[in-house]
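The following note sets out points for a colleague who is reading this structure for the first time. Please keep the sequence and the model in view while working through them.

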Amino acid sequence: MKKKLTALLTAAATAMTLAGCTVDRGGSSAGGGAGGGKQTFGRNVQLFDAHKKTHEAMKGKRIAFVPILYKGYNLTLNWGSTMERAFGNLGADFRVYDPNFDTDKMVKIINDLVARRAVDVLILHNPDVGVLTKQIDAAERAGIHTVVVNMVSSRLGDAFIGVDSVHAAEDITRRAVQDCEKRGAPKRMAIIDGPGNDAASLMWSKGVHHVLDPAGYEVVTTAHTQWQNALAQQAAASITQQQKNNICAYMVAYDLNAIAVGDAVADAAERGVIRPDSIGVYTMAADTRWCDALRAGKVTASAAYDVQGVGEAAVVTAQQLVQGGAPAGSTHTVAYVSHTVVDRSNVDDTTIACYKGR
Amino acid sequence: MKTKAFSREIDAFPLTGGSRRDRLAPFRTLSELFGQRWMEGAVPLGLAVLLSVLVTATTPVGPGDAPLILDEATEKGLLAIGLTVVLVGGGIDLSIGSIVGLASLGAMVASRAWNWPMALVVPAAILAGSALGAVNGFLIARVNMRPFITTLVTLVAFGGAAAALQSAYSFQLGVPEQDIVWDFLGAGAVAGVPTGWVVFAVVLIVVHVGLTRSRWGWWIAAVGSDRRSARRNGIPVARVVFCTYVLSGALAGTAGLLTAARLGRTDPDVGQGWELVALTAVVLGGVSLKGGRGSVLRATVGIVVVQVIQQGTIATGAEGSSYTVILAAALLLFAVLDLKWGKYRQRTAEKLRIDPGRITLGPLVDVTEPGTVWTVNDRLTDASPIGLGKIEGAEDCAVDREGNMYCGDRRGWVWRFAGPDDTEGEIFARTGGLPLGHAWDHERRLLVAVGGMGVYRIHADGEPELVADKVRRSPFSLHDDSGLRAVDDLDVTPDGAIFVSDFSTRTNAAEYMVELVESRPNGRVVRVDPDGSTEVVISHHVFPNGICTAHDGRSILVASTGLCRVDRLWIAGPKQGQLEPVLENLPGHPDNINRSSDGNYWLPFVSMRTPMSDLLTKYPAVRRRMTQEVPLDSWVVPQLNVSCVMKFNDRGEVLGVMWDATLRNHPMVTAVKEHAGHLYLCGVSNNRVGRLRLESDEVGPIDPASVPGTTTAPSLAVVDR
Amino acid sequence: MNRTLAVIREWINPDWARHRTVPPMEAGLRPNRRLDEAHVLLPAEAYTPDDLVLTESGTVMFSSEESIFELRGDEVRVVAALGGKVGVLVPSGSGVVAAVEGVGLVSVGASGETEELCADRAVSSCVTDAARLPDGSLLVTIGSSHESPGGWARALLRGDRSGRIVRVDGPRVRIEAEGLGWPAGIEVASDTDVLVSLSCDHRIERRMTASLGKPSARLAANLPVYPGRIAATDDGWWFVAPYPRNRFTELLLDEPQLASEMMRTIAPEDWFVPRLRCTTPYTDTLQMGQLRVLGVIKPWAPARSYGLAFRLDGSGRVAESLHSRVDGERHGITGVAVRGGRVVVAAQGYRNLLQPQVANEKAVTQ
């Protein structure tokens with residue numbers, strides 16, 4: 001009898017445990033989460049009402065920008081100052097959280113904000129395609145709108161704003177091929193990107209290969225530098241040392257890394273490892289420092305894109321999401337800003353090149 | 001006439017005249033607390049808990065953060081558990097963060113790039129972690145490298161391997177793999193509790209039980225505390241150390257798997273810095289860095305606290321680097337505290353052990369005033385010495401019918417002197433303790449209260465037999481007071497029970513002077529029944545010393561040395577179980593009481609009160625500082641070099657007092673026994689027993705050595721009181 | 001608050017702990033039994049000698065209670081009976097100058113004629129010692145401006161620092177130094193300076209005669225005893241120590257509440273301070289080390305009274321010392337006199353004069 005009782009109890013306990021086992025703790029309903037409000041504007045609007053209602057809608061809303069790097073990087077500083085100005089003018093409560101390149105910390109900050117429901121709109125900058133998946137999910141469930149900038153995440157938030165990296169990469173690679181043909185250099189290039197598993201690097205590689213493969217160019221190596229200048233310089237120096245004159249150009253994914261690569265190439269030229277001006281350095285985006293390097297002749301050309309525009313677009317999107325009243329996660333969009341190829345000849349005339357931090 | 005059992009024991013605390021607050025001895029409680037073994041991790045743990053409470057109170061961290069904290073805590077907690085086991089074994093493992101990174105990346109690579117089924121990936125990750133731990137273990141246990149440098153090297157090596165792996169498979173890693181097992185591990189729940197927490201809880205319980213209650217766990221602790229002794233005792237040191245590193249690696253592998261499932265980070269920095277967090281948590285929790293001691297439960301509390309602090313810094317939006325600074329500062333502080341605490345815990349406990357209390361005594365009689373019953377005289381000076389130069393410290397003696405005198409010796413012996421002319425004496429018994437009170441039982445066998453050991457009966461051939469040495473332990477006492485260690489005087493009642501006084505549950509018999517300085521109600525009176533069972537009849541008495549069965553056999557006289565009084569405990573009759581005073585406010589500190597032949601009682605004083613010692617009883621704080629700052633030789637105690645013998649009757653009247661005015665022959669008399677018209681004077685610091693002839697009008701017909709109420713004692717009517 | 005800080009400091013680093021302690025008697029002060037073995041000069045318990053002088057003719061003149069006596073061989077005769085308790089004696093010609101409590105400085109001739117030297121209020125109370133300077137004037141130390149000579153214990157417990165050095169020139173007095181902690185001894189060290197023993201501060205100082213207000217050098221500090229009168233010899237100076245330092249008394253000094261209640265409620269002879277002799281053992285208080293075990297009190301027990309006289313040589317080192325330890329009775333040495341090779345001490349606690357054998361003893365007949 002006792003054994004039977006024990007067996008029965010064990011079975012009951014197991015059943016209860018198994019019943020409580022779920023795969024997904026929160027049970028997200030497909031698609032929409034909570035947090036819908038009503039629309040701010042109807043069909044018509046009085047002139048001065050528009051102004052008042054806009055302010056009312058945005059006043060006191062808490063907006064958080066969590067990039068993977070902030071202080072010292074013009075890219076995100078630029079966005080941050082745009083957002084600060086705009087949201088500040090509207091009376092919204094805007095804060096930047098700087099995890100100082102620590103992905104763990106970035107995840108924790110976002111988790112904390114979502115758990116405490118301390119924000120209404122999250123503007124994210126995903127360093128790794130998959131890492132913010134769960135966070136975006138949780139934000140949706142908590143009714144927080146998410147806007148992802150510049151580096152796409154596999155779980156889309158409410159909006160993504162960035163540059164068409166593939167197209168931009170194709171453009172600059174075509175330019176690089178042109179330059180190489182003009183010089184009659186060997187048909188070999190090297191790619192230097194970031195961590196390698198983030199959106200920017202993946203798309204840069206894709207775009208470069210799109211052009212190089214049909215053209216018969218060989219990608220000698222793809223170096224991953226974690227966006228670190230030192231690593232980029234090191235990689236460039238060692239590849240130059242190995243390849244010597246047998247390489248035509250470096251395709252660098254990040255403009256600041258391109259400066260370092262340019263330095264390495266110039267240094268190699270000085271030491272006589274390669275002929276001067278025999279290797280081109282091509283990149284995407286054009287920071288003001290990159291423009292200085294361009295004028296100094298260290299780097300060759302870039303597919304500059306409207307960095308400022310990304311920040312503005314994020315501001316605009318945030319306002320639209322708030323005023324639109326739709327619940328978080330009900331809409332998903334991907335939008336691109338403009339880009340063009342700049343080199344020494346047109347860099348001073350192109351507005352979207354040489355972005356600064358403020 | 002069987003004595004009925006007492007319904008409850010008598011609490012003699014009110015005799016001290018103190019208030020309820022005086023029952024508390026805060027320093028002593030602290031001392032007992034510090035002396036407990038489980039207090040080793042107390043200070044760091046207490047401070048860590050305080051810190052986390054502070055963080056919760058001062059930062060926006062709230063209940064919504066709790067699941068986040070626990071999620072982080074389970075992953076790093078697995079590391080902390082592994083690290084604790086390694087630390088207890090005397091090593092250290094700094095490579096656990098890199099193992100986490102390698103296992104996490106490896107699991108994701110296996111799942112996304114090599115397309116292994118999850119049923120293979122999960123065990124493979126844990127096995128991979130164990131294998132990496134085994135590398136550590138091999139280098140440390142077999143090749144005998146130093147743990148710190150070895151694990152530092154493997155930290156770099158495994159980190160490099162992780163970076164290489166990530167670099168090689170960077171594109172494939174970027175593609176997330178949908179799998180139910182990943183979801184279950186990362187976001188699922190078991191019976192409503194998130195999976196990670198369940199895994200952690202199971203591991204915690206298993207490792208805790210294993211470490212504290214299994215042979216393997218004891219071996220780990222043995223190796224950690226003293227390798228050489230462990231090896232000499234046959235413990236396979238190398239194997240044990242190897243296994244600790246394998247376990248640490250396996251747990252790190254599990255943590256890597258869990259973090260891959262939960263966060264899915266694909267950059268090679270996964271796990272970097274986690275070893276620092278785990279180390280901080282482990283030290284915070286109170287695990288000793290020196291090895292041999294530690295508990296995974298404490299490490300768990302530590303990791304929870306660390307996570308709370310981290311959450312606090314995040315919630316307040318603090319700069320990234322400041323958190324590391326805070327963590328490092330906390331680690332430093334707690335490491336210092338741990339070191340100090342480990343070194344000085346016992347010493348602090350010793351320093352605080354004596355916590356003097358306040359007692360209230362009445363006004364002091366001036367014994368130098370001529371013409372009173374107390375006036376100093378010379379009656380004891382000429383007592384003829386027995387065993388001069390042979391006896392060392394006879395606290396009490398007993399004389400049998402033939403006139404043989406048995407007395408104690410501080411070397412643990414019981415002497416027997418055949419008569420007054422016997423100058424040599426012989427060692428009758430060797431007790432191994434400090435023989436104090438002597439008495440004869442119903443069958444005329446010698447009962448001796450042996451200090452430090454208990455109540456013994458010594459047979460005619462000199463063999464000691466244990467009668468009782470234990471009582472039931474007090475329910476709320478931190479300190480184990482179940483042993484009878486300071487048994488002083490004893491006497492036998494008509495029904496065969498033995499009443500014995502245990503003057504202190506805290507000091508041993510040889511340090512009675514410390515007890516005099518402390519003056520706390522640490523003592524008790526115990527009844528030993530003929531079948532050997534014991535019961536405490538009076539508790540919380542200040543230095544109960546002399547025990548004497550009254551002449552009518554219906555009460556026991558109890559002398560309290562500390563309170564300078566004698567009380568009567570009724571054991572039969574209508575007032576059974578009550579304690580009533582007989583003599584109060586004596587001018588000295590009474591010692592053993594014994595019956596006289598004329599129906600009265602003899603009471604010697606072990607020391608006399610002086611104005612200065614009376615004043616000091618009112619200043620317990622000064623006495624405490626005295627015990628802590630002044631060397632033992634300079635402590636002020638009552639005047640132990642002066643003593644007298646008093647005779648009193650059942651009504652509490654002082655009938656006569658005898659002194660040795662020269663203070664040389666009998667400077668301290670602790671017990672007197674009367675036999676055949678002579679008084680035997682014993683002193684616990686004296687080198688003789690004095691034999692004084694009494695005047696004829698001082699002697700009566702009763703045999704003081706017989707138990708009253710038995711047939712050998714004459715009836716009460718004969719005695720004229 | 002200070003105590004808590006001290007406890008924390010000690011807990012953090014035991015090397016930072018600072019505790020009061022009584023220094024041990026070692027090196028030159030290593031205990032011996034020379035006073036116990038010394039020659040007794042007077043009949044037992046007949047007099048209470050306080051200070052003494054060795055005259056040129058070989059007699060001993062000593063003060064006891066309110067009179068001055070002279071010991072010639074074995075005979076004692078009264079020289080003069082003065083109107084108050086007589087303390088320090090300073091040789092002056094064939095007679096002495098005595099300090100009489102309540103009167104002042106009185107000159108006493110060899111045959112007993114008295115003449116008042118100085119009756120100034122400054123020197124009429126609590127004179128502890130006097131020394132004659134080369135120019136003939138006297139330097140007198142006053143123990144305390146508030147106490148009588150028997151109030152040393154009260155001065156110690158109260159932290160009394162009202163002692164003075166006074167120069168007496170005929171009837172004129174001049175206060176040379178103030179604020180001293182019971183200066184108990186003064187003696188000429190050289191032409192330009194004097195030695196002063198400060199009892200309550202347990203140290204011996206050298207002071208310039210020209211500027212007695214401040215010390216010029218410390219000869220011995222942190223002594224294990226409270227030093228007393230000084231006698232100059234050709235190889236240094238002899239000091240007496242009437243009171244030994246006791247660790248519990250030091251504790252008492254740190255406990256003002258207990259000390260004040262003790263002074264209020266207990267008779268002065270029962271106070272826990274060092275004294276010249278043990279008066280009544282029945283009301284005396286014991287320290288644990290003083291317990292009589294197996295019939296003996298150990299000689300190194302904590303001391304409430306002690307017999308000590310020691311000689312400092314020119315460099316301040318203790319060259320030799322005479323002790324009567326705790327198990328002895330010849331305690332309370334208050335005066336010393338040296339002439340030729342002969343040293344005689346006045347043991348006020350033992351109530352006798354003692355003549356020990358000394359190292360620099362030349363032939364007594366010298």
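1. Confidence in chain A. The model is predicted, and chain A has an average pLDDT of 83. A score of at least 70 is reached by 94% of the residues of this chain. Residues 26-35 of chain A should be read with care: their pLDDT is below 50. In the model, this stretch nevertheless has 16 contacts beyond near neighbours in sequence.

2. An annotated domain in chain A. According to an unreviewed UniProt entry, residues 79-325 of chain A carry the feature "domain: Periplasmic binding protein". Helix accounts for 52% of this span and strand for 18%. The C-alpha atoms at its two ends are 25 Å apart.

3. An annotated domain in chain B. For residues 488-573 of chain B, UniProt gives the feature "domain: Strictosidine synthase conserved region", again from an unreviewed entry. Here the span is 49% strand and 8% helix, and its end C-alpha atoms lie 27 Å apart.

4. Which chains touch. There are 2 pairs of chains that touch, and the pair with the most contacts is B and C. Chains A and C, by contrast, do not touch; 36 Å separates their nearest C-alpha atoms.

5. Extent of the interface between chains B and C. On the side of chain B, 53 residues are in contact with 38 residues of chain C. The two chains bury an area of about 4000 Å² between them, and carbon and sulfur atoms give 63% of that area. Of the area that chain B buries against chain C, M612(B), Y619(B) and D633(B) supply 15%, which is more than any other three residues.

6. Polar and charged pairs across this interface. Between chain B and chain C there are 18 residue pairs in polar contact, with both residues at pLDDT 80 or more. The salt bridges between these two chains number 5. In one salt bridge, K618(B) pairs with E261(C), and the closest N and O atoms are 3.0 Å apart.

7. What chain B brings to the contact. Five elements of chain B give two or more residues to the side that touches chain C: α15 (320-351), α16 (512-518), α17 (611-617), α18 (620-629) and β24 (636-637). Which element gives the most to this side? It is α15(B), with 7 residues. Sorted by class, the side of chain B that touches chain C has 30 nonpolar, 11 polar and 12 charged residues.

Notes: Residues numbered from 1 in each chain as written. Chains lettered and ligands numbered in written order. Predicted model: local features only at pLDDT ≥ 70, side-chain atom pairs only at ≥ 80, totals over all residues. Heavy atoms only, no water. pLDDT = per-residue confidence, 0-100. Contact = heavy atoms within 4.5 Å. UniProt positions renumbered as here; feature names shortened; annotations may be inferred. Helix = DSSP H or I, 4+ residues; strand = E, 2+ residues; numbered from the N terminus. Buried area = accessible area lost by both parts, 1.4 Å probe. Salt bridge = Lys/Arg side-chain N within 4 Å of Asp/Glu carboxyl O. Polar contact = N/O pair within 3.5 Å; in protein donor to acceptor, adjacent residues only side chain to side chain. Nonpolar A, V, L, I, M, F, W, Y, C, P; charged D, E, K, R; others polar.
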